[in-house]
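Biologist: Please take a close look at one part of this model, the aromatic residues and their surroundings. Go through the contacts in detail.

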Amino acid sequence: MSQGKDRVVLAYSGGLDTSVAIGWIQEQTGQEVIAVAVDVGQGGEDLQVIRQRALDCGAVEAYVVDARDEFANDYLVPAIKANSMYQGRYPLVSALSRPLISKHLVKAARQFGGSTVAHGCTGKGNDQVRFEVSITSIAPDLKCIAPVRDLALTRDVAIDYANKHSLPIETTKHNPFSIDQNVWGRAIETGFLEDIWNAPTKDVYNYTDDPTYPPLPDEVEITFEQGVPVALDGQKKSVLEIVQELNRRAGAQGIGRIDIVEDRLVGIKSREIYEAPAAIVLINAHEELENVTLEREQARFKKRVDLRWGELVYDGQWFSPLKQSLDAFVDSTQLYVSGTVRMTLHGGRAVVTGRKSDTSLYDFNLATYETGDTFDQSHSRGFIEIYGLSAKQAAARDARFGRGLQL
């Protein structure tokens with residue numbers, strides 16, 4: 001098949017909706033479809049099986065890539081460095097994968113002559129924004145469409161279409177939840193979870209075991225070099241291997257379950273359930289190592305940067321100028337964030353029990369109250385007098401004008 005300009009590059013999962021979307025897009029737009037499947041650790045079928053299914057469903061080309069290490073090194077590492085937690089609790093499970101997938105969609109468009117990129121998002125969610133803003137930030141010339149949002153591809157239409165055309169895809173299995181998952185975690189929504197009074201049931205969870213009846217406590221040591229996790233229990237591992245192992249070990253302890261009513265980018269509130277065992281452990285460990293190694297004012301300001309970094313990524317601004325500038329600041333803070341954090345994993349909690357670093361700012365001789373204390377306490381009286389001078393003057397003025405604090 002020769003390359004042409006009237007081709008649509010489709011983000012392809014191998015499931016019902018995107019399989020049907022191949023033929024549906026061709027019928028609705030008259031354009032050929034290139035299917036793109038990106039493995040970010042979501043599990044499931046082999047990439048080559050997915051590739052063949054895309055071709056069997058009518059795609060003229062199928063681009064597949066194992067991007068798990070790329071995801072870990074280029075997307076999860078910056079998230080760890082920035083302690084990324086949207087609304088203080090959500091470690092950006094889905095949001096981090098979208099710019100990576102978008103990058104490969106653009107690469108496929110360039111390779112196979114695509115002029116339009118398609119994704120399977122609805123018009124209510126965050127992901128439509130993340131995909132389209134990422135794609136047009138990389139390649140402003142590309143157009144974007146969403147079959148569900150723009151071409152009326154509802155689920156009942158998809159099932160009828162698949163049956164009518166005998167597509168090689170299961171159409172009868174029904175899952176009450178909408179699920180997105182990758183190596184960083186798992187996101188679950190819809191179904192009975194949309195009533196925010198309903199508690200999650202056991203079938204919601206997959207990455208984590210019930211923390212009510214945990215196995216024996218699991219002690220782990222996590223080593224970082226300049227903010228990057230490099231070893232577990234003294235054994236050097238890749239970032240991907242560390243995430244995978246901590247998912248298993250922390251997941252077995254029920255760590256990483258999150259139930260949150262979230263402020264979506266499109267302006268609505270949404271109830272979301274997340275499982276992110278490794279993410280919770282690694283971010284907590286990294287924050288603790290920063291407590292030991294970052295200078296006080298630098299650490300205070302970085303917390304503000306971390307908050308804005310997470311908001312930008314959640315809002316689909318991975319490739320924005322501000323995000324790039326914040327990355328430069330975050331990277332500059334990580335020069336001395338090296339050392340080892342010891343944690344106990346047990347019963348749904350990851351508790352720091354020890355930390356050590358050759359670049360630590362903790363000075364035992366300054367901190368101790370025992371013999372050997374090198375802190376000169378005689379300096380404190382003058383320090384307090386100067387530190388409180390402006391507040392003291394303001395209080396005296398209030399008293400002169402009858403506005404002093406009433407006890």
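**Aromatic pairs and their surroundings**

Modeller: The model is predicted. Start with leucine 96, which, leaving aside its neighbours within four places in sequence, is in contact with Phe71, Tyr75, Leu76, Ala79, Pro91, Trp184, Trp309, Val313 and Trp318. Leu96 is also one of the residues with the most contacts inside the largest nonpolar core, together with Trp184 and Ile222. That core has 79 residues, and helix 4, residues 93-112, gives the most to it, with ten residues. A second, separate core has 27 residues, among them Leu16, Val33, Ala59 and Ala62.

Four of the aromatic contacts of leucine 96 named above come up again as a group: ring pairs link Phe71, Tyr75, Trp309 and Trp318 into a cluster. The count of aromatic pairs comes to ten. One of them joins tyrosine 75 and tryptophan 318, with 4.8 Å centre to centre and 25° between the planes, and is stacked. This pair links distant parts of the chain, 243 residues apart: tyrosine 75 is in helix 3 (residues 68-81), while tryptophan 318 is in the loop between helix 10 (296-314) and helix 11 (321-333). Tyrosine 75 has a relative accessible area of 5% and is therefore buried, the cut-off being under 20%. Tryptophan 318, at 9% relative accessibility, also counts as buried. A charge is placed at this ring as well: the charged end of lysine 323 sits over the ring of tryptophan 318, 3.6 Å from its centre.

Another pair is formed by tyrosine 90 and tyrosine 314. Their ring centres are 6.2 Å apart and their planes stand at 90°, so the pair is edge-to-face. Here too distant parts of the chain are linked: tyrosine 90 belongs to the loop between helix 3 and helix 4, tyrosine 314 to helix 10, and the two are 224 residues apart. Tyrosine 90 is buried at 1% relative accessibility, and tyrosine 314 is buried at 0%.

Tyrosine 314 has a charged partner in arginine 130, which lies over the face of the ring at 4.7 Å from the ring centre. Arginine 130 lies in helix 5, residues 127-138. Its relative accessible area is 4%, so arginine 130 is buried. Leaving aside neighbours within four places in sequence, arginine 130 is in contact with Ser94, Ala95, Arg98, Ser102, Val313, Tyr314 and Gly316.

The UniProt record adds an annotation at this point. In an unreviewed entry, "binding site" covers Tyr90, Asn126, Arg130, Ser178, Glu262 and Tyr274. Of these, glutamate 262 is found in strand 11, residues 257-263, and counts as buried at 1% relative accessibility. Its contacts, leaving aside neighbours within four places in sequence, are Tyr86, Gln87, Tyr90, Asn126, Ile268, Lys269, Ser270, Glu272, Tyr274 and Tyr314. Glutamate 262 is thus in contact with both tyrosine 90 and tyrosine 314, the two members of the edge-to-face pair.

The same unreviewed entry type supplies a domain annotation, "Arginosuccinate synthase-like N-terminal", for residues 7-168. That span is 52% helix and 15% strand, and its end C-alpha atoms lie 23 Å apart.

Methods: Residues numbered from 1 in each chain as written. Predicted model: local features only at pLDDT ≥ 70, side-chain atom pairs only at ≥ 80, totals over all residues. Heavy atoms only, no water. UniProt positions renumbered as here; feature names shortened; annotations may be inferred. Helix = DSSP H or I, 4+ residues; strand = E, 2+ residues; numbered from the N terminus. Core = buried A, V, L, I, M, F, W, Y, C linked by side-chain atoms within 4.5 Å. Buried < 20%, exposed > 50% of the residue type's maximum accessible area, 1.4 Å probe, protein only. Contact = heavy atoms within 4.5 Å. Phe/Tyr/Trp six-rings, centres within 6.5 Å; stacked < 30°, edge-to-face > 60°. Lys NZ or Arg CZ within 6 Å of the ring centre and 35° of its normal.
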